[in-house]
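Welcome! Take a moment to turn the model around on your screen, and then let us walk through it together.

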Amino acid sequence: METIASALESVKRRIAAAEADCGRPAGSVSLLAVSKTHGPETLRAAYAAGQRAFGENYLQEALAKIDALADLSIEWHFIGPIQSNKTKPIAERFAWVHSVEREKIADRLSAQRPPGLPPLQVCLQVNVSGEASKSGAQPDDVLALAVHVAGLPNLRLRGLMAIPKDTDDAAEQRAQFRILRGLFDGLKQRGFALDTLSMGMSHDLEAAVAEGATLVRVGTAIFGARPKKA
Ligand SMILES: *Cc1c(COP(=O)(O)O)cnc(C)c1O
């Protein structure tokens with residue numbers, strides 16, 4: 001069986017190759033290890049191999065791991081859907097949130113961020129596939145949401161995130177990532193100081209890097225297949 005360390009190395013090689021293929025500087029894309037469903041000892045192995053940023057989707061599961069791994073200097077990213085009655089522990093325990101899609105959630109996260117902690121680093125999640133079932137703000141609503149979030153005292157708006165429609169067609173992958181990139185560039189042109197384009201997962205990170213991703217969120221390619229949720 002492949003070890004976590006060697007899987008992590010392969011993912012880093014894929015990222016480096018993708019950067020080189022499109023002429024981007026080495027190291028311009030960072031790696032978020034998506035560890036949902038995996039136990040603390042698995043994260044510990046990835047940490048021992050040098051990984052510091054971990055992404056979690058399910059709050060209760062994440063809080064248990066944050067407690068179990070409190071001895072490590074992990075940067076925790078929340079990347080799952082957020083219910084409004086669950087914002088407080090997210091504001092208290094995470095460094096980053098990638099899945100802000102409504103003003104009300106942003107307001108609560110800002111109000112509940114404890115004094116003394118740095119601002120919560122935030123990406124706005126955008127629905128780039130047009131599927132009604134998908135999370136994320138509609139592209140037409142992103143500017144208003146960005147204006148709102150940028151005005152909140154305890155959040156720092158860093159960029160945009162998307163989970164495109166799952167497809168193996170590289171052209172279709174790139175077309176969806178290009179929508180997010182276009183919104184990102186549009187906000188920057190309006191003066192938002194954004195530096196994070198959170199897009200690309202195990203099966204499509206090359207397409208995301210080609211379209212300008214600065215952070216890829218990778219689970220399966222590091223930790224193996226997840227058990228299917230019933
Ligand atoms: C699970 C998940 C990932 C990782 O997906 P893989 O295909 O396992 O790499 C990335 N982003 C989000 C938001 C996820 O929920």
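Phe78 and Phe94 are both buried. This is a predicted model, and these two residues make a good place to begin exploring it. What kind of aromatic pair do Phe78 and Phe94 form? Their pair is edge-to-face, with 5.3 Å from centre to centre and 80 degrees between the planes. Since planes over 60 degrees apart count as edge-to-face, the label follows from that angle. Phe78 sits in strand 3, while Phe94 is in the loop between helix 4 (87–93) and strand 4 (96–100), so their pairing ties together parts 16 residues apart in sequence.

How many aromatic pairs does a search of the whole structure find? The search gives two. Besides the pair just described, Phe54 and Trp76 form one that is tilted, at 6.2 Å centre to centre and with 40 degrees between the planes. Here strand 2 (residues 53–56) supplies Phe54 and strand 3 (residues 75–78) supplies Trp76, so this pair ties together parts that are 22 residues apart in sequence. Phe54 counts as buried because its relative accessibility is 0%. Trp76 is buried too, with a relative accessible area of 6%.

A ring also takes part in another kind of meeting. Arg52 lies over the face of Tyr47, 3.6 Å from the ring centre.

**Charged partners**

Now look for the charged side chains. In general, side chains of opposite charge can pair when their charged atoms come close. How many salt bridges does the structure hold? There are 13, and the table shows some of them.

| Salt bridge | Closest N to O distance |
|---|---|
| Glu206 and Arg14 | 2.8 Å |
| Arg44 and Asp71 | 3.0 Å |
| Arg93 and Asp67 | 2.8 Å |

Start with Glu206 and Arg14, whose side chains meet in a salt bridge. Glu206 belongs to helix 8 (residues 205–210) and Arg14 to helix 1 (residues 4–21), so the bridge ties together parts that are 192 residues apart in sequence. Glu206 is partly exposed, with a relative accessible area of 34%. Arg14 is partly exposed as well, at 26%.

Next come Arg44 and Asp71, which also form a salt bridge. Arg44 lies in helix 2 (residues 40–48), and Asp71 lies in the loop between helix 3 (59–68) and strand 3, so parts 27 residues apart in sequence are tied together. Is Arg44 buried or partly exposed? With a relative accessibility of 25%, Arg44 counts as partly exposed. Asp71, at 55%, counts as exposed.

The last row of the table holds Arg93 and Asp67. With Arg93 in helix 4 and Asp67 in helix 3, the pair ties together parts that are 26 residues apart in sequence. Both ends have some accessible area: Arg93 counts as partly exposed at 33% relative accessibility, and Asp67 counts as partly exposed at 48%. Which residues are joined into one network by salt bridges that share partners? They are Glu41, Arg44 and Asp71.

**A stop at Ser129**

Where is Ser129? You will find Ser129 in the loop between strand 5 (120–125) and helix 6 (142–150). Ser129 counts as partly exposed, at 22% relative accessibility; the range for buried ends at 20%, so Ser129 falls outside it. Leaving aside residues up to four places away in sequence, Ser129 touches Lys134, Lys165 and Gln176. From Ser129 to Ile179 there are 50 residues in sequence, yet the two are 9.1 Å apart in space, C-alpha to C-alpha.

**Stepping back to the whole chain**

Finally, zoom out. The protein chain has nine helices and eight strands. Its radius of gyration is 17 Å, close to the 17 Å that the globule rule gives for 230 residues, so the chain is as compact as a globular protein of that length. The C-alpha trace spans about 45 × 40 × 35 Å along its principal axes.

What share of the 230 residues counts as buried? The figure is 47%. The protein chain exposes about 10600 Å², and carbon and sulfur atoms supply 53% of that area. Among contacts in the chain with a separation of 6 or more, 57% come from residues 24 or more positions apart.

Key: Residues are numbered from 1 along each chain as its sequence is written. This is a predicted model: local features need pLDDT of at least 70, side-chain atom pairs count only at pLDDT 80 or more; totals for chains, interfaces and linings use all residues. Side-chain values use heavy atoms; hydrogens and water are left out. Rings of Phe, Tyr and Trp (its six-membered ring) pair if their centres lie within 6.5 Å; planes under 30 degrees apart count as stacked, over 60 as edge-to-face and the rest as tilted. Helices (H or I, at least four residues) and strands (E, at least two) are DSSP runs, numbered from the N terminus. Buried means under 20% relative accessible area, exposed over 50%, partly exposed in between (1.4 Å probe, protein chains only). A charge sits over a ring if NZ of Lys or CZ of Arg is within 6 Å of the ring centre and within 35 degrees of the ring normal. A salt bridge is a side-chain nitrogen of Lys or Arg within 4 Å of a carboxyl oxygen of Asp or Glu. The radius of gyration is taken over C-alpha atoms; the globule rule is 2.2 Å times the number of residues to the power 0.38. Contact means heavy atoms within 4.5 Å. Accessible areas come from the Shrake-Rupley method with a 1.4 Å probe; for residues, only the protein chains shown count as cover.
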